[in-house]
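Open the structure in your viewer and keep the selection tool at hand. This tour tells you what to select at each stop and what is there.

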Amino acid sequence: MSSRTAAPAVAGASADDLTATLVGFARVLRAAGVAATPDRVHQTVSALGYLDVARREDVYWAGRLTLCSAPGDLERYDRAFVAWFGGQLAPPVRVVPPVQVVRPVAVPGTERPAGPGDRPDELPAATASEVEVLRHRDLASLTAQERETVRRLIAALDPVGDTRVSRRHRGAPHGELDVGRTVRAMLARGGEPARLIHRARRVRPRRLVLVVDVSGSMQPYADPYLRFAHAAARRRTGTEVFTVGTRLTRVTREMRRRDPSEALAEVARAVPDWSGGTRLGELLKSFLDRWGQRGVARGAVVVVASDGWERGDAALLGAQMQRLARLAHRVVWVNPHRGQPGYAPKTAGMQAALPHVTDFVDGHSFDALVRLAGLLSGGGGRA
């Protein structure tokens, strides 16, 4: 890192603070599907050493020019930038005098009311340590302001889902020889030798099915889990979302609304058993009877988000989980209590379900949801 980078353009700013905040931003970008590699983050830090990090547009364009590598990255970058730094999408490019602030590196959720001397392009102040604390905070203990920040961050996630090899083929520069097309090309040339044409199997995304427990014991986590499901349903065709409590409700259509808050309002109107009891075994049987054998569960990645509190027959839950494991490509169980110190799956419901679960992961924080997005995208680890 150059000496210019080590001394940022704004008095009072810390190079470590700047780097740590950009590293956190890069994690969100990777969870959103942008290949924000460490060398690209280093380029961003170097670029900001020659710019004014108190100006929102300088931060935006420095990151966009160094962290994006494909046209498809631009929209994802914009979403992640708004989620991480707040404000409007794509700041306008305009020339303004330099702004001096004490702590120029910031994240959303720490805004204060605008004063008469404030500039519209000034980033709200917060330290990188505050970002990391919020990232690892339990979702049930967040304040109203912190919940809004986490909601924006969740909206920027992009759970891609696993892929499968299709029976159909496509043209490819290498691979299996496409005899039919090669022969037809030779006949079109009057039998003269033609260039060999190859083909390869198409790769298609696997269907992603999310089953979210909205019973009373899951009340603090139902909202962020449904917002995670909305992020997947909005960006991946074929994603299915269900809620379970005292009954099973399909909310896929409601999840297709563009705005997350509007989508969740539609879900709240569609779900009659919000914060009720839990009958996981019975409802999972209903799901498999209607949507399993020839429906959405076959060959899919199924995510069950629940704490495993079963008010019904745990043996029935175990039998239905075994049935689901045979149908689905992969079963992921997200439990918000798994990340808490001293947790052990001692409830009858979890003990019955775990033998048939491919991945048992925690979901108590935003960082856990980032890891879940990476797991569903085939990364299997941290973003």
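**Stop 1: strands β7 and β8**

Select strand β7 (residues 301-305) and strand β8 (residues 330-335): the two run parallel, and five bridges join them. For one facing pair, pick valine 302 in β7, which stands opposite valine 331 in β8. Now follow the chain from β7 to β8. The path crosses through helix α13 (residues 314-327), and this β-α-β crossover is right-handed. Keep in mind that you are looking at a predicted model.

Stay on β7 and show its side chains. Which way do they point? Val301, Val303 and Ala305 point one way, while Val302 and Val304 point the other way. Are they buried or exposed? All are buried. That fits the count for the strand: five of the five residues of β7 are buried, so-called mostly covered.

**Stop 2: strand β4**

Add strand β4 (residues 208-213) to the selection. Five bridges join β4 to β7, and these two strands run parallel. Look for two facing pairs here. Valine 212 stands opposite alanine 305 in β7. Leucine 210 stands opposite valine 303 in β7.

Next, check how covered β4 is. Six of its six residues are buried. On one side you find Leu208, Leu210 and Val212. On the other side are Val209, Val211 and Asp213. Both faces of β4 are covered.

**Stop 3: strand β5 and the way there**

Select strand β5 (residues 240-244). Five bridges join β5 to β4, and the two run parallel. Leucine 210 turns up again, as it stands opposite valine 241 in β5. From β4, the chain crosses through helix α9 (residues 219-235) to β5 in a right-handed β-α-β crossover. Now click valine 211: its bridge partner in β5 is phenylalanine 242.

**Stop 4: the whole sheet**

Zoom out. How many strands are in this open sheet? There are six, in the order β6-β5-β4-β7-β8-β9, and the pairing is mixed. Select β6 (248-250) and β9 (359-362) to see the edge strands, each of which pairs on one side only. From one strand to the next, the twist averages 20°.

**Stop 5: two helices**

Select α9 together with helix α11 (residues 260-270). They pack at an angle of about 115°, and their axes are 10 Å apart. That angle makes α9 roughly perpendicular to α11. The crossing of α9 past α11 is right-handed.

**Stop 6: aromatic rings**

How many aromatic pairs does a search of the whole structure find? The search finds nine. Select phenylalanine 25 and phenylalanine 81. Their ring centres are 6.1 Å apart and their planes are at 80°, so the pair is edge-to-face. The cut-off for edge-to-face is an angle over 60 degrees. This pair links distant parts of the chain, 56 residues apart: phenylalanine 25 is in helix α2 (residues 15-31), and phenylalanine 81 is in helix α5 (residues 73-85). Phenylalanine 25 and phenylalanine 81 are both buried. Now add Tyr60, Trp61 and Tyr77, which form one aromatic cluster with Phe25 and Phe81.

**Stop 7: an arginine**

Finish at arginine 199, in strand β3 (residues 198-205). Arginine 199 is partly exposed, with a relative accessible area of 25%. Then select arginine 181. The two arginines are 18 residues apart in sequence and 9.6 Å apart in space, C-alpha to C-alpha.

Notes
Residues numbered from 1 in each chain as written. Predicted model: local features only at pLDDT ≥ 70, side-chain atom pairs only at ≥ 80, totals over all residues. Heavy atoms only, no water. Phe/Tyr/Trp six-rings, centres within 6.5 Å; stacked < 30°, edge-to-face > 60°. Helix = DSSP H or I, 4+ residues; strand = E, 2+ residues; numbered from the N terminus. Buried < 20%, exposed > 50% of the residue type's maximum accessible area, 1.4 Å probe, protein only. Pairing = 2+ DSSP bridges. Right-handed = clockwise from strand over helix to strand, strands pointing away. Axes fitted to C-alpha atoms, helices over the stretch in contact; angles between N-to-C directions. Parallel < 35°, antiparallel > 145°, perpendicular 65-115°, else oblique. Left-handed = near helix turned anticlockwise from the far one by under 90°.
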